[in-house]
Structures are given as structure tokens and as C-alpha cells.
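Biologist: I am new to this structure and should be grateful for a close look at one part of it. Please take a single strand as the point of departure, and then lead me outward to other parts of the model.

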Amino acid sequence: MAERGKIEKVGLVVKSGSRAAIHTGRELADWLERRELTVTRDETLLRATGSDGAAFDVADDHDLVVVLGGDGTLLAVARSLASDVPILGVNLGSLGFLTEINRSELYPSLVRVLDGDFQLEDRHLLDVDLVRGSGNGGSYRVLNDAVVTKGALSRIIELSLTVDGNLVARFRADGLIVSTPNGSTAYNLSSGGPIVHPLLPVIVLTPICAHALTLRPVVVPDDGEVEVRLETEGEEVFLTLDGQEGTSLARGDAIRVTRSARRARLVKVSGRTFYDSLRGKLRWGGLTVAAHLGSDVGDPDGSPSR
């Protein structure tokens with residue numbers, strides 16, 4: 001359990017364009033202020049409510065940030081916070097690996113959080129430095145992944161991959177995913193990469209549709225540097241960060257990925273484990289009673305019979 005103090009200032013961030021998130025955010029702000037807490041609202045919530053209250057700023061000190069929406073909203077907040085502020089994710093979407101609770105659990109969970117009855121789980125981020133052959137680069141941060149991938153109409157591209165200066169492979173593929181353990185259940189999973197427990201100190205390297213069948217995903221320690229360099233000329237290639245930011249790449253450009261000193265501190269209050277999420281979100285319901293008895297009768301979605 002991580003150290004924490006009394007909660008006095010709470011930031012609210014809602015999913016843009018979500019009526020459910022805005023409605024819940026308005027109710028939650030009133031609920032918190034009735035308890036004499038200082039509440040800041042993001043621009044979406046301020047515009048929707050016409051409030052003249054304090055605006056949420058990622059550079060400000062908060063004791064807690066509540067994110068109402070889904071994993072995408074939480075990813076954006078986790079990347080942008082200037083300090084390791086505890087984040088409570090409330091899932092108003094469909095999947096929600098990162099968000100801790102659903103709408104019906106919001107107020108009972110917050111009562112516990114305000115009483116100090118919760119845990120903090122640290123998820124480390126990755127720093128991504130783009131080094132261009134032209135000299136103009138950029139620095140980014142990701143909680144899920146950095147992806148180098150070809151454009152829709154581009155041909156297969158050639159990449160070189162090194163870890164701590166050691167050449168791992170020079171290969172042709174549609175791209176490469178550099179993922180945190182946290183992001184292993186995102187694009188990495190869809191591309192055939194391994195599911196990794198989110199607290200392991202590793203980086204996952206997963207080729208996308210590699211031209212060689214022997215080129216498989218690799219898991220490496222996160223205390224070194226991973227470099228991916230584009231060797232192909234004349235093709236449309238992009239660097240995408242957490243699926244939300246991106247920029248184009250040219251031949252000779254390289255991305256260098258290291259473990260960030262920053263971390264995302266997720267509030268845990270539901271008691272659900274990572275394995276509970278795997279069973280629930282990925283429908284790993286296990287064998288039905290009928291299947292255990294040797295019958296082929298069972299629920300079509302694989303969930304246990306009732």
C-alpha cells in the first residue's frame with residue numbers, strides 16, 4: 001500500500017462528448033462540494049455546466065483525480081499529469097481494463113476513498129524520444145504503447161531493432177509495437193503479443209504482421225533502452241502514442257524508449273484483481289458444468305451455465 005494523505009482537493013475529468021459522463025460529473029461535483037472539498041472541473045465539464053468554478057489543470061497539485069469515461073480518457077490524463085496524483089477511473093464505456101469501478105459503484109467507493117480505505121497501484125510509463133535524421137525531434141510519454149506502423153496504402157516497411165545497443169533484428173513488417181505491461185492487453189494483444197501482468201518491470205516488443213514467421217514477440221527488462229529505426233525510404237510511416245498522438249516518420253528516424261521516472265498511480269478500491277479483469281473483460285469464464293461433465297451443451301459466449 002502506497003503512502004497517501006488526507007483528500008482535500010479533487011480534480012474531475014470527463015469524456016468529451018459523453019452525455020453520461022457530463023451528467024455524472026455534474027452530480028459528483030455537487031456531492032464533493034457538499035462535503036467541503038475543493039473541486040476543479042475540466043473544460044468539458046465547465047462548458048457543459050456553465051460553472052465559474054476552478055478549472056482543472058494538469059500542473060496543479062491534487063489529492064485525487066476522478067476520471068469519468070473509459071480507458072482512453074484515463075490514458076490521456078495519466079500521460080499529462082505533472083505529478084504522481086492518485087487516479088480513480090470510473091468506467092462508463094464497454095471494456096475498461098484501466099478503469100477501476102463502474103457507475104453504480106461510484107459513491108460507495110468514494111466514501112471509502114475519502115475515509116482512506118483504498119490502495120494505490122503504480123503503473124510505470126515509458127519516455128519516448130524521437131530522433132530525426134533532419135535534427136528535429138520530440139519527446140513523448142506513454143502508458144500503453146508506442147507504435148511504428150505503415151500507412152494504409154504503404155508497402156511493407158523495414159525496421160531495425162536494438163536493445164541496449166545490441167542488434168535484435170532487422171526485419172520487414174507492417175510495424176512494431178513497443179508496449180508497457182499495462183498496454184499488453186491493448187494493441188499488443190490484438191497483434192498476437194503476450195498478456196503481461198501490469199506490475200512486471202518489462203517492455204514488450206511485438207512485430208505487426210512480420211514477413212518472417214520466425215520473428216516473434218520479445219519481452220525485455222525495462223531498465224535499458226529500446227531503439228527502433230526506420231530503414232525504408234519513400235513510404236508513409238507513422239509513430240503513434242497510446243493511440244491518441246502521432247507524427248510521421250522518414251528514413252533514418254529513430255525512436256528511443258526508456259522507462260519513465262513518472263508513474264500512473266491507480267486507486268484500487270473494488271477488490272478486483274488483474275485476473276478477475278481477464279476473466280470478466282476477455283470472457284474467460286472457464287468450463288461450464290456441462291462441459292466439465294463431457295457435454296457440448298453450454299452458453300454460446302463461454303460464460304458459466306446458471
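**Strand 15 and its surroundings**

Modeller: Let us begin with one pair of residues: Val148 stands opposite Leu239, which belongs to strand 15. The model is a predicted one, and what follows should be read in that light.

Strand 15 comprises residues 237-241. Its two faces have opposite surroundings: Val237, Leu239 and Leu241 make up a covered face, whereas Phe238 and Thr240 make up an uncovered one. The arrangement follows a general pattern, because side chains in a regular strand alternate between the two faces of the sheet.

Strand 15 has a partner on either side in the strand order. One partner is strand 8, residues 145-150, which is joined to strand 15 by 5 bridges and runs antiparallel to it. The pair of Val148 and Leu239 named above belongs to this side. The other partner is strand 16, residues 245-249, again antiparallel and again joined by 5 bridges. Here Leu239 stands opposite Thr247, and Phe238 stands opposite Ser248. Leu239, of the covered face, thus faces Val148 in one direction and Thr247 in the other.

Strands 15 and 16 also form a hairpin, with 3 residues between them. Asp242 lies in the turn and has a positive phi of about 55°.

These strands belong to an open sheet of 6 strands, in the order 13-12-11-8-15-16 and with antiparallel pairing. Its edges are strand 13, residues 218-221, and strand 16, each of which pairs on one side only. On average, neighbouring strands of the sheet are turned by 15° against each other, direction ignored.

From strand 16 one may pass to Leu130, as Thr247 and Leu249 are among the residues that Leu130 touches. Leu130 lies in strand 6, residues 119-131. Is Leu130 buried or exposed? Its relative accessibility is 4%, and Leu130 therefore counts as buried. Beyond its sequence neighbours up to four places away, Leu130 also touches Gly137, Gly138, Tyr140, Asp253, Ala254 and Ile255.

Of these contacts, Ala254 deserves a further word. Leu130 and Ala254 are 124 residues apart in sequence, yet their C-alpha atoms are 6.0 Å apart in space. Ala254 is placed in strand 17, residues 254-268, and counts as buried because its relative accessibility is 1%. With neighbours within four places left aside, Ala254 is in contact with Asp129, Leu130 and Val131, and also with Glu227, Val228 and Arg229. A separation of 93 residues in sequence lies between Ala254 and Leu161, whose C-alpha atoms are 9.7 Å apart.

A contrast to strand 15 is offered by strand 3, residues 64-69, in which 6 of the 6 residues are buried, so that the strand is largely enclosed by the rest of the structure. Both of its faces are covered, with Leu64, Val66 and Leu68 on one side and Val65, Val67 and Gly69 on the other. The pairing of strand 3 is parallel with strand 1, residues 9-14, through 5 bridges, and parallel with strand 4, residues 86-91, also over 5 bridges. Within these pairs, Leu12 stands opposite Val66, and Val65 has Ile87 of strand 4 as its bridge partner.

Val67 of strand 3 is also one of the residues touched by Thr73, together with Val13, Val14 and Lys15. Thr73 is situated in helix 3, residues 71-80, and is buried, with a relative accessible area of 14%.

Two further helices pack against each other: helix 1, residues 19-34, and helix 4, residues 106-114, meet at an angle of about 35°, with their axes 12 Å apart. Their crossing is right-handed. Helix 1 contributes Thr24, Glu27, Leu28 and Trp31 to the contact, and helix 4 contributes Leu106, Tyr107, Leu110, Val111 and Leu114. By character, the residues of this contact divide into 7 nonpolar, 1 polar and 1 charged.

Finally, helix 6, residues 274-281, has Phe274, Ser277 and Leu278 as buried residues. These residues lie on the same side of helix 6, because they cover an arc of only 100° around the axis. Arg283 follows helix 6, and its phi is positive, near 60°.

Notes. Residues numbered from 1 in each chain as written. Predicted model: local features only at pLDDT ≥ 70, side-chain atom pairs only at ≥ 80, totals over all residues. Heavy atoms only, no water. Buried < 20%, exposed > 50% of the residue type's maximum accessible area, 1.4 Å probe, protein only. Helix = DSSP H or I, 4+ residues; strand = E, 2+ residues; numbered from the N terminus. Pairing = 2+ DSSP bridges. Axes fitted to C-alpha atoms, helices over the stretch in contact; angles between N-to-C directions. Left-handed = near helix turned anticlockwise from the far one by under 90°. Contact = heavy atoms within 4.5 Å. Nonpolar A, V, L, I, M, F, W, Y, C, P; charged D, E, K, R; others polar. Arc of directions from axis to C-beta.
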